[in-house]
Every structure is written in C-alpha cells, then in structure tokens.
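Trainee: I am new to this structure. Please take a single part of it and describe that part closely, together with what lies around it.

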Amino acid sequence: MNGFTNNILPTTNALTIDVEDYFHVEAFSSVVKREDWGNKYPLRVEKNTHRILNILDQHDVKATFFILGWVAEACPNLARAIVAGGHELASHGFAHQHANKQTRETFRQDICRSKQLLEDQSGMRVHGYRAPSFSIGLGNTWAFEELQQAGFSYTSSTYPVKHDIYGTPEWPRFKHLRQEGIIEIPIPTLNVLNRNVPIGGGGYFRLYPYALSRYFIERFRQQTQQPFSFYFHPWEIDPMQPQMHGISIKSRVRHYLNLNRMEARIHRLLSDFQWDTMYNTYQLHGLVSDEKSSNQEDSRQRLSSLGQLR
Ligand SMILES: [Zn+2]
C-alpha cells in the first residue's frame with residue numbers, strides 16, 4: 001500500500017523551489033548581517049526566479065515555490081507572477097531562521113506573518129510549508145502543531161539523513177500523517193546498507209554526476225513505489241552571484257560547487273522525468289481543508305488510511 005488513490009504510483013514527481021537569495025543561506029549566516037540583506041548584498045532572487053519560470057515554461061512543467069516572506073516583501077510582484085504561471089505558492093517562513101533555533105512564540109509569528117503576506121499578495125490559499133534547512137527535528141515537534149494551527153495542510157520539512165546542519169535519520173522516509181494532524185512529506189533518501197543516502201536535490205545534485213542522480217531517482221521510484229520530490233534554489237543557477245568572503249572552505253565548496261552546470265542539469269532533469277506541484281503529485285486535494293473539498297467525510301477517511309501507512 002502506498003497511500004495513493006487506487007494504490008497506483010503517480011507518473012509525476014514533485015518539483016520544488018526554495019525561493020531565497022544567496023545571502024540567506026545558513027552557511028553564510030556567520031558573516032552576513034540581516035541589515036545587509038538586499039543592501040551590501042544586492043538582490044538577485046527576483047531575476048533568477050523569473051529565469052526558473054521561463055525554464056519551466058519551456059518544459060511545460062508546474063512546480064511548488066516555497067517562498068521566503070522576506071523575498072515576497074522585497075519583490076512584491078513575484079508571488080503573483082508565480083501563480084500566474086499556474087504554479088503552487090507555498091511558504092519557506094519569513095526570515096530564514098531555523099525552526100529549531102526559534103522559540104515557539106517566534107516560530108508562530110514567523111509562519112503566520114509569511115502565510116498572510118503570500119495570501120494577501122496572491123489571493124490564493126497557501127497550503128504548504130518548508131522549514132529553512134529542514135530544521136524540524138526531535139527537539140521541536142511542537143512546530144508541526146503550530147503549522148497545523150496556522151492553517152497549513154502539509155509540510156516538507158524533514159530530511160531523514162545524518163548531516164552536520166540538518167536531519168533526523170530515524171524519522172519516516174515517506175509521506176505520512178503526523179499525530180499533530182498535518183501531512184509531512186520528507187525529502188527523498190535511498191536506503192543503502194542501512195543508511196539513508198540524501199538524493200533530494202540542492203548541493204547533492206550539484207555534487208553527483210547527473211547520470212548518478214538520474215539512476216537514484218529511477219531506483220527510488222522502483223524501490224519505494226513513491227513519487228520522487230526534488231528541490232533547488234534560484235541562486236543555484238546563478239554562477240555570476242557575488243562571492244562571499246570569510247567563510248570556511250567547506251561552506252565555500254558546498255555553495256559554489258558546479259553552479260555553472262546547474263541550469264543544463266535542470267533542463268535534463270525536466271526532460272527525463274515528469275514533474276508537477278507537490279499538491280498534485282501527492283494528491284493532497286481532498287486531504288487539505290480548502291473550500292473545494294466539500295466532502296469532509298471522504299477527506300477524513302483518506303486521512304485515516306494515510307495514517308496507517310507505516
Ligand atoms: Zn532555505
């Protein structure tokens with residue numbers, strides 16, 4: 001049982017973009033001051049996101065954009081442009097603060113403020129949330145409760161891998177209904193010799209040769225009978241971005257590796273697989289509390305069967 005309608009694996013995979021700028025990334029947080037965002041470090045995210053919208057149009061692909069509230073505020077037409085392209089608008093929080101470094105109260109304010117802003121700008125309901133650097137773990141499961149209460153229907157905020165910045169290796173690997181009443185869609189991993197290998201995108205996608213990434217995706221779909229989901233950032237297709245000084249060699253390698261190859265790889269990825277939004281790929285209609293889902297009983301039944309997945 002895979003939790004999908006009629007137990008058939010969807011043909012599409014979920015394409016997601018975390019809309020933030022190069023100066024928002026965690027690896028630079030020790031050298032970049034918040035007041036320098038968009039000033040000392042000029043904004044490039046709007047242009048890069050439009051480039052992505054253009055690439056998606058070329059392949060006739062729809063995607064989910066997890067936008068940072070700060071970016072939506074700085075670029076007030078961006079959310080509307082994304083929705084006008086037929087894509088799904090979702091939230092990446094407001095100020096890219098890690099959920100596990102915020103108090104519960106600050107987290108609540110951050111997610112509510114960003115959700116409201118995106119809905120005001122776009123006129124659309126925002127269902128999805130992704131925590132900066134997948135920062136929901138064992139120490140802050142209250143975040144799921146806050147997200148549910150704030151009106152989010154799903155999150156994609158966990159990465160069941162071992163990593164120095166994020167990850168909870170022992171957590172579920174596939175879409176599941178959490179006891180807090182919200183659906184979580186973890187970033188994909190391959191289980192190799194009892195270890196979860198990260199294959200969901202970002203830096204790993206730039207690190208692995210493209211053929212290996214493609215093999216991982218095919219294997220993931222075959223092995224798990226789950227759709228794949230992929231994430232990347234607008235700054236990853238921008239090799240001309242300003243170089244950051246005073247950062248560690250590890251951070252430098254992680255951030256700048258193969259940026260010049262990324263755009264071509266994205267084109268191949270979009271040609272080699274079928275893609276759609278998270279909402280469509282994971283068949284969240286009827287599971288989420290939007291106005292269109294009139295059949296509440298059916299919705300409850302689908303939720304309870306999802307809860308028995310694992
Ligand atoms: Zn992020």
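Mentor: What follows is a close look at one strand, its pairing partners and the loops attached to those partners.

The model is predicted, so local features are given where pLDDT is at least 70 and side-chain atom pairs count only at pLDDT 80 or more, while totals for chains, interfaces and linings use all residues. Residues are numbered from 1 along each chain, as its sequence is written.

The part is strand β1, residues 13-19. Strands here are DSSP runs of E with at least two residues, helices are runs of H or I with at least four, and both are numbered from the N terminus. Of the 7 residues of β1, 7 are buried, so the strand is largely enclosed by the rest of the structure. A residue is called buried if 20 or more other C-beta atoms, placed from the backbone, lie within 10 Å of its own; with 12 or fewer it is exposed, and in between it is partly exposed. The cover extends to both faces of β1. N13, L15, I17 and V19 lie buried on one side, and A14, T16 and D18 lie buried on the other.

Next, the partners. Two strands pair if DSSP finds at least two bridges between them. β1 runs parallel to β2, to which 4 bridges join it. Within this pair, V19 of β1 has I67 of β2 as its bridge partner. β1 also pairs with β10, again in the parallel sense and over 4 bridges. There, A14 faces S229. A further parallel partner of β1 is β11 (residues 275-276), with 2 bridges. A14 takes part here too, with D276 as its bridge partner in β11.

The loops attached to these partners are worth following. β2 covers residues 64-67, and the loop between α1 (45-59) and β2 contains D60. What sets the backbone of D60 apart? Its phi is positive, near 55°, although the residue is not a glycine. Most residues other than glycine have a negative phi. As for its surroundings, D60 is exposed, because just 9 other C-beta atoms lie within 10 Å.

S133 may be set beside D60. S133 is likewise not a glycine, and its phi is positive at about 50°. Its loop lies between β4 (128-129) and α5 (142-149). Is S133 buried or exposed? S133 counts as buried, because it has 23 C-beta neighbours inside 10 Å.

On the β10 side, residues 229-232 form the strand, and a loop runs between it and α8 (249-256). P239 is found in that loop. With 13 other C-beta atoms within 10 Å, P239 is partly exposed. Which residues does P239 touch, apart from its neighbours within four places in sequence? They are L259 and N260; contact means that the C-beta atoms, placed from the backbone, lie within 7 Å. P239 can also be placed relative to F28: the two are 211 residues apart along the chain, and 17 Å separates their C-alpha atoms.

To put the strand back in its setting: β1 is buried on both faces, and it runs parallel to β2, to β10 and to β11. The loop before β2 holds the exposed residue D60, and the loop after β10 holds the partly exposed P239.

Key:
Contact = placed C-beta atoms within 7 Å.
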